[in-house]
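This report covers a metal site and some backbone details of one model. The sequence and structure come first.

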Amino acid sequence: MNKIYFLAVIIFPFVNWSQHKFAQLDELLPTPNEFRNAAGAPGHNYYQQKADYKINVSLNDADQTIHGEEIITYTNNSPDNLEYLWIQLDQNRKNLDSDSKLIQVEKMEDFKSISDLELKTFYFDGGFKIEDVTAIDGQPLSYFINKTMLRINLKNILASKSSISFKISWWYHINDRETLNARSGYEYFPKDKNYLYTIAQWFPRMCVYNDVEGWQNKQFLGKGEFTLPFGDYEVNISVPSGHIVTATGELQNQKDILSPIQLERLENAKVSDEPLFIITPEEALRSEQMKSKALKIWKFKAENVRDFAFASSRKFIWDAQGIIVNGKTIMAMSFYPKEGNPLWEMYSTKLVAHTIKSYSKYTVDYPYPVAISVHSKWIGMEYPMICFNGGRPNEDGSYAEQTKYSMWGVIIHEVGHNFFPMIINSDERQWTWMDEGLNTFVQYLAEQEWERNYPSKRGPAENIVNYMSGDKVNISPIMTNSESVLQLGNNAYGKPATALNILRETIMGRELFDYAFKTYCERWKFKHPTPADFFRTMEDASAVDLDWFWRGWFYSTDHVDVAITAVTHFKEASSNKNSKILETLPFNKEQLPNTNDLPIGYIRNQRSISETLNEKDITINDHYGWKRKAFNDSISKYIYTNDVLHKEYDFENNQEKYYYEINFKNEGGLVSPIILRAFLEDGTTEIIRIPVEIWLLNTLEVSKIFVFKKKVKGFRLDPFLETADTELSNNFWPAKNTLSRFQLFMQSKN
Ligand SMILES: [Zn+2]
């Protein structure tokens with residue numbers, strides 16, 4: 001019986017090799033082709049369609065309706081001839097008979113009252129009323145509406161490399177954003193009887209046609225967001241003359257809209273180091289009261305964007321500040337009612353400016369002329385150049401620390417969406433994680449550069465542990481369609497953000513990771529990437545085989561739980577110097593000392609971020625901020641700095657050696673590098689980092705021998721909480737009941 005035959009007989013019955021934790025992803029990923037290559041880059045025949053819009057829209061403040069008329073020019077850059085075009089009618093999700101309403105799973109206990117039930121189950125007709133679909137010459141076009149999708153039946157095919165223009169006119173009722181818990185709509189302020197509109201998904205928008213899906217015309221059910229082609233926009237927005245309007249793009253007719261003094265303020269803001277008012281709180285208050293009924297048209301232009309949103313209100317205070325990214329001035333701006341203050345005038349525009357600079361470093365240079373944050377009570381929702389963000393203080397202007405952090409987090413997050421998916425334009429209808437996960441990851445980096453030890457909710461490995469160790473019935477793999485994802489926040493935001501953080505801190509290291517991540521962003525800016533393009537680029541640019549990582553973290557629901565199950569101590573018998581016989585010694589069962597080291601990100605950021613924004617600009621610190629700063633200063637003293645990276649090869653001749661055989665068990669299923677801290681007898685510690693490939697031949701149990709110059713008192717796995725190991729109690733030898741790192745830290749402080 002030869003060896004190969006023996007292996008085949010013994011191993012094949014037990015291991016399904018395509019499911020093996022280190023199996024390559026080949027059968028799971030699409031075959032590389034001329035459009036997307038095997039390196040994860042756009043292929044030599046990559047193409048994408050273009051959709052340009054000219055829109056006239058009027059916002060009726062008296063009856064809260066939108067009336068619009070658009071000319072879409074659609075350019076077919078694909079090699080295919082098209083018989084029909086698909087257009088998205090997202091507002092039809094608010095039709096009285098929409099599928100979203102029908103498939104909503106309900107129990108009476110989910111609602112506060114019958115009227116709450118009626119509101120939330122949309123007894124509100126907010127669907128599109130399509131008035132006309134015509135050719136440019138006014139001739140009607142044949143079309144069919146299938147729920148949230150409209151198909152134009154072309155008389156003549158739209159040939160490859162040609163374009164077509166057509167007109168659509170429509171209107172709809174704007175919903176109350178809060179009661180419907182919607183991405184867009186209005187908020188009514190009963191005290192001064194004014195509306196604040198944040199308007200999105202408000203016009204019929206082209207679907208994406210590409211090499212991956214053909215037409216991406218999966219119905220809009222509410223959870224899976226948007227998939228849109230790039231194009232240029234010219235949009236004229238008619239509103240009551242007291243309204244201030246802000247939108248995707250650059251304002252074209254400020255000279256007709258703003259007073260000379262406001263125009264001057266706008267010029268000054270371009271070169272200001274801090275936000276300046278364009279519309280002051282006093283001016284906004286006057287507009288609130290005047291309620292002028294005359295109309296004004298605000299004209300905007302935006303190039304190379306995938307969508308267009310706007311906001312309008314008499315209540316808007318407007319501030320702005322110019323920032324420079326790679327030699328280009330970008331206007332960071334905020335629009336908010338007085339109800340947003342004091343938080344908004346203190347922070348919003350500074351957060352926009354910080355986010356744009358921070359993301360530009362890790363992804364691509366921000367390419368647009370403006371970046372805007374608009375106040376809306378509770379939500380966070382993103383569009384190109386503009387986003388709607390929550391964070392409202394109490395009526396008396398006081399606010400909880402949590403309100404401040406929610407506001408900071410949501411503004412960094414939503415402004416960050418400019419990069420994912422507005423520039424790196426992934427398919428949100430299919431994959432929520434591709435924009436939310438990547439964005440949440442960079443959000444974590446930006447937060448840590450805003451305030452030292454910012455209490456980031458998502459990103460650090462230890463924050464995902466509860467989710468990862470939860471009941472598998474309530475967990476889906478990251479690679480699940482947006483509509484079917486269980487626990488969307490954990491699965492599509494938290495877990496992928498953590499996975500990327502683990503790649504950066506532990507698997508690849510910061511230098512390799514940052515280069516590969518930036519390569520992905522540069523390759524796919526202003527294009528449509530897929531998961532495979534991301535997976536392939538990260539490997540191709542780093543020389544790190546990550547198929548096991550994508551398989552475990554993105555395609556499975558396994559979690560990391562590595563245990564130390566046995567430690568045996570051997571010593572060379574002194575009488576027998578040159579033999580291999582060792583005497584086994586009992587392991588010292590003394591308890592390990594409590595160590596005060598912090599999670600890996602804290603330690604590394606302490607060194608890598610020389611100055612956070614709140615250290616440069618101390619006006620960012622309110623009373624909560626100063627308290628936190630004092631706490632951080634005390635933390636930094638506890639950061640463990642005298643770890644030695646263990647080296648087994650620098651022994652001197654005749655030096656005494658201590659051998660330890662350690663047995664590791666993979667209890668969680670997800671394979672992981674082994675990070676071990678050895679506590680030596682003399683009080684020093686050494687860190688050992690073993691790549692994940694130690695599990696290549698046996699993914700359940702491995703053992704390894706370590707040699708030390710000193711006797712070892714004990715070992716600890718994952719000392720910097722960097723692998724998302726869900727069970728800490730089996731990480732110690734001798735075994736001990738463990739507290740979390742923060743509990744340990746707080747205990748030692750007390
Ligand atoms: Zn988001």
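What is the geometry of the zinc ion site, given the angles among its four donor atoms? The site is irregular, with angles of 55 to 153 degrees among the four donor atoms. A tetrahedral site would need all angles to lie between 85 and 135 degrees, so this range does not qualify. The model is a predicted one.

The zinc ion is coordinated by NE2 of His-413, NE2 of His-417 and two OE entries from Glu-436, at 1.9 to 2.6 Å. Along the chain, these donors have the spacing H-x3-H-x18-E. His-413 and His-417 are buried.

Some backbone features are also of note. Two cis peptide bonds and two positive phi values are listed in the table.

| Residue(s) | Feature | Value | Place |
|---|---|---|---|
| Phe-420 and Pro-421 | cis peptide bond | omega about 10 degrees | Pro-421 in helix 10 (residues 418-423) |
| Trp-733 and Pro-734 | cis peptide bond | omega about -5 degrees | Pro-734 in the loop between strand 32 (732-733) and helix 20 (741-749) |
| Lys-161 | positive phi | near 65 degrees | loop between strand 6 (149-158) and strand 7 (162-173) |
| Asn-654 | positive phi | about 65 degrees | loop between strand 26 (644-645) and strand 27 (658-666) |

Neither Lys-161 nor Asn-654 is a glycine. How exposed is Lys-161 in terms of relative accessible area? Lys-161 has a relative accessible area of 61% and therefore counts as exposed, the cut-off being over 50%. Asn-654 is likewise exposed, with a relative accessible area of 75%.

Technical notes
Residues numbered from 1 in each chain as written. Predicted model: local features only at pLDDT ≥ 70, side-chain atom pairs only at ≥ 80, totals over all residues. Heavy atoms only, no water. Donors = N, O, S within 2.8 Å, 3.2 Å for Na, K, Ca; no water. Tetrahedral: all angles 85-135°; square planar, octahedral: opposite > 155°, others 65-115°. Buried < 20%, exposed > 50% of the residue type's maximum accessible area, 1.4 Å probe, protein only. Helix = DSSP H or I, 4+ residues; strand = E, 2+ residues; numbered from the N terminus.
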